[in-house]
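Grab a pen and work through these short exercises. Each one comes with a solution you can check step by step.

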Amino acid sequence: QVQLVESGGGLVQAGGSLRLSCAASGRIFSINVMGWYRQAPGKQRELVAVVTAGGSTNSADSVKGRFTISRDNAQNTVSLQMDSLKPEDTAVYYCNGNFVLRDGRTYDAWGQGTQVTVSS
């Protein structure tokens, strides 16, 4: 129904920056919300940042002031600019979106995940 393709993960030193991008495609009529979650080894998946259709954002306290989420409605993409990275930001980052399909149904989709590793 909807496919999410992520890009931009990798290895960076502490204090460095990375930018993640996620492109949505498929039978999309509209997008309710898109965002990023992460899962570190041995931990539960947690919200990083989300952006609504209206442009409102919400982010985890641990990333406030360091990560910025943005969205391009025309391109159905969402990006996460990650600055001042810390070793504790190391995780697999997943793109997530909630969509309204062309047939009127809502649909929740996940990307395949992209690894972010921050070395100390």
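**Exercise 1: a salt-bridge network**

Arg38 and Asp89 are both buried (under 20% relative accessible area, with exposed over 50% and partly exposed in between; 1.4 Å probe, protein chains only). This is a predicted model, where local features need pLDDT of at least 70, side-chain atom pairs count only at pLDDT 80 or more, and totals for chains, interfaces and linings use all residues. Residues are numbered from 1 along each chain as its sequence is written, and side-chain values use heavy atoms, leaving out hydrogens and water.

Task: Which residues are linked with Arg38 in a network of salt bridges?

Step 1. Set the rule: a salt bridge needs a side-chain nitrogen of Lys or Arg within 4 Å of a carboxyl oxygen of Asp or Glu.

Step 2. Start at Arg38: its salt bridge with Asp89 has an N to O distance of 3.0 Å. Arg38 sits in strand β4 (residues 28–39) and Asp89 in the loop between β8 (77–82) and β9 (91–101), so this pair ties together parts 51 residues apart in sequence.

Step 3. Arg38 also bridges to Glu46, at 2.7 Å between the closest N and O atoms. Glu46 is partly exposed, at 37%.

Step 4. Asp89 pairs with Arg66 too, again by a salt bridge, at 2.7 Å.

Result: Glu46, Arg66 and Asp89 join Arg38 in the network.

**Exercise 2: a loop glycine**

Task: Find what Gly9 contacts beyond its neighbours within four places in sequence.

Step 1. Locate Gly9 in the loop between β1 (2–7) and β2 (10–13).

Step 2. Apply the contact cut-off, heavy atoms within 4.5 Å: Gly9 touches Leu20, Thr114, Gln115 and Val116.

Note on methods
Helix = DSSP H or I, 4+ residues; strand = E, 2+ residues; numbered from the N terminus.
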